[in-house]
Amino acid sequence: MISLVDKIVLQHQQNLPFVVYSKPNSDTVLGLFQQNDTLFEVHDYTEKGFVFASFDGSQNYIIPEMESEQWSEHWLSNPEAFSNKEMVANNDLVAQTNFQDLVGKGIQAIQNKEFQKVVVSRKESVALEHFDFVSTFKKLVTQYRSAFVYCFYHPKIGTWLGASPEQLLKATANSFETMALAGTQKDTGTATVSWPQKEQEEQQFVTDYIVSKLKDSGAQIQVSDAYSVKAGSLWHIKTDISGDFGPALDLQKAIQLLHPTPAVCGVPKAVSKAFIVANENYNRSFYTGFLGELNRNFASDLFVNLRCMQIENNKAHLYMGCGITKDSIPEKEWKESVNKSMTMKRIV
C-alpha cells in the first residue's frame, strides 16, 4: 500500500480534489481523496464530508465521503526538523499607509456609532521559487500542533493551506461547543500574559455577541471565564461556550448564527460586514470562511479559516486581519498584521 504522501502527490498529478488535515494536538493525519473533479455544493448541512466555505457565504463546497477514498495515517511530530527562525518584515510603505488608512476609517465609523467593532484585513503576496505543498503541509503539522492544520486542493477552486487556532463549531446530534477568540500578541517567552484594556474589551465584544445570538435562538448555554491560549508564536484570549440543540436551533442555524464570527467580521455582524466589503478593496474569498468535518462519524468539527495561504501562479497569497475598536491605534494594528504575516512566511 502506498503512503499518504505518495497518495497526495498522485492525486494532485491527476488534478483530482483532495483534503488532508490534522486536528489540534493529534498525531493522526486524515484525508479525503475525491474520485472525480465535480464541484459539490452544500445545500442543507446534512451532507457528509469536508466542507470549505467562503467568508461572504456565497461559496459552500464539500468533498463528499460518498465520492472519496478515506485515509488515515500516523505522523510523528519532529519540531527540530524545521527552522523557526525570526523573519525580517518587508517595509512596504504603500501597504502600511493603505492599511492604516483602513484602520482609521474603521475607528471613525465606530466613533460615528455605526458599529462597536470591525475586523479589517489585508492580503500580501510572496513570490515562490519552488513550492512543495506536501513539505509545506508537513511543516504546518509540525509547527502548529495546537491548531487545525489542512491542505485543500480542488482544480476548480485552487490550493489552500492553513493552521487555524479558532474553532467555529464542534457538534454532535444533540450538543455543540464553540469559542470566542480575540486579542493578539507575540510570544515573548514569559510564563504569563498581560492583556491591555483594548484587547480585553475586544474579546468581550466577541463573547457577548455570540452568547446573545445563541440565547436568542432558545439555546441553553454555558460560558467559561476568559483565559490566554497560545497558537504558534502568538497568544490570544479565549472563552469556551457550549450548549444543547433543540427545536429552535439545529446545526445549519447554528452555523448561520455564528458565521462570520465577530472575531473575523465585527459587532453587529451585518453592518460591520458591509463596511468590510465596501472598504477592504479585495475579495477575502475563503479567508475567514470556515472548513472542516461535516457530519463525519455523527459529528461536525468546523474551524475558521485563519493563518492561511492561497497558492496561485508561483505566489503565496497571505491574509492578515486585526480587530478594531474605539481604542485602536493604526500604527499598532499594522504591527499586529505584520506579526501575523510572519506565521505563514516562516512556513513558505
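Colleague: Which strand pairs with β2 over seven bridges, and in what sense?
Modeller: In this predicted model, strand β6 (residues 68–74) pairs with β2 in the antiparallel sense over seven bridges. Within β6, W71 is the bridge partner of G31.

Colleague: What about β1 and β2, how do they pair?
Modeller: Strand β1 (residues 18–22) and β2 are antiparallel as well, with five bridges between them. F18 stands opposite F33 in β2.

Colleague: How many residues lie between the strands of that hairpin, and which one takes a positive phi?
Modeller: The hairpin of β1 and β2 has five residues between the strands, and N25 takes a positive phi near 60°.

Colleague: Is β2 mostly covered or mostly open?
Modeller: Strand β2 (residues 28–34) is mostly covered, with five of its seven residues buried.

Colleague: Changing topic to helix α7: how many residues has it, and what does it span?
Modeller: Helix α7 covers residues 330–345, which is 16 residues. From first C-alpha to last it reaches 23 Å, close to the 22 Å expected at 1.5 Å a residue.

Colleague: And how many of its residues are buried?
Modeller: In α7, 12 of the 16 residues are buried. Among them are W334, E336, M342 and also E333.

Colleague: What does E333 meet in a salt bridge?
Modeller: The side chain of E333 meets that of K198, at 3.0 Å from N to O. K198 lies in helix α4 and E333 in helix α7, so the pair ties together parts that are 135 residues apart in sequence.

Colleague: Why do K198 and E333 count as buried?
Modeller: Buried means under 20% relative accessible area. K198 counts as buried because its relative accessibility is 9%, and E333 does so at 3%.

Colleague: Which other side chain does K198 meet?
Modeller: K198 also forms a salt bridge with E202, at 3.2 Å from N to O. Both residues lie in helix α4 (residues 197–216), four residues apart, about one turn of the helix. E202 is buried, as is K198.

Colleague: What does K326 pair with, and why does that link distant parts of the sequence?
Modeller: K326 forms a salt bridge with E201, the closest N and O atoms being 3.7 Å apart. K326 lies in the loop between β19 (315–324) and α7, and E201 lies in helix α4, so the pair ties together parts that are 125 residues apart in sequence. K326 is partly exposed, with a relative accessible area of 47%, whereas E201 counts as buried at 17% relative accessibility.

Colleague: Which residues do salt bridges with shared partners join into one network?
Modeller: That network consists of K117, K198, E202 and E333. The structure holds 16 salt bridges.

Colleague: On to pockets. How much space lies in the largest one?
Modeller: The largest pocket holds about 380 Å³ of space. It is lined by 17 residues, of which T184, P196, E199, K332 and E336 are the closest to its centre. The largest share of the lining, five residues, comes from α7.

Colleague: How does that lining divide by residue type?
Modeller: The lining of the largest pocket has four nonpolar, five polar and eight charged residues.

Colleague: What of the second largest pocket, its volume and its lining?
Modeller: The second largest pocket has a volume of about 320 Å³ and is lined by 22 residues, with P165, Q167, M179, K238 and D240 nearest its centre. Here β14 supplies the largest share, five residues. The lining of the second largest pocket divides into 10 nonpolar, seven polar and five charged residues.

Terms used: Residues are numbered from 1 along each chain as its sequence is written. This is a predicted model: local features need pLDDT of at least 70, side-chain atom pairs count only at pLDDT 80 or more; totals for chains, interfaces and linings use all residues. Side-chain values use heavy atoms; hydrogens and water are left out. Helices (H or I, at least four residues) and strands (E, at least two) are DSSP runs, numbered from the N terminus. The expected span of a helix is 1.5 Å times one less than its number of residues. Buried means under 20% relative accessible area, exposed over 50%, partly exposed in between (1.4 Å probe, protein chains only). Two strands pair if DSSP finds at least two bridges between them. A salt bridge is a side-chain nitrogen of Lys or Arg within 4 Å of a carboxyl oxygen of Asp or Glu. On a 1 Å grid over the protein atoms alone, a cavity is a set of points where a 1.4 Å probe fits but cannot get out, and a pocket is an open set with protein on both sides within 12 Å along at least five of seven lines; lining residues have an atom within 4 Å of a point. Grid points are joined across faces, edges and corners, and a volume is the space filled by probe spheres set on the points. Ala, Val, Leu, Ile, Met, Phe, Trp, Tyr, Cys and Pro count as nonpolar, Asp, Glu, Lys and Arg as charged, and the others, Gly among them, as polar.
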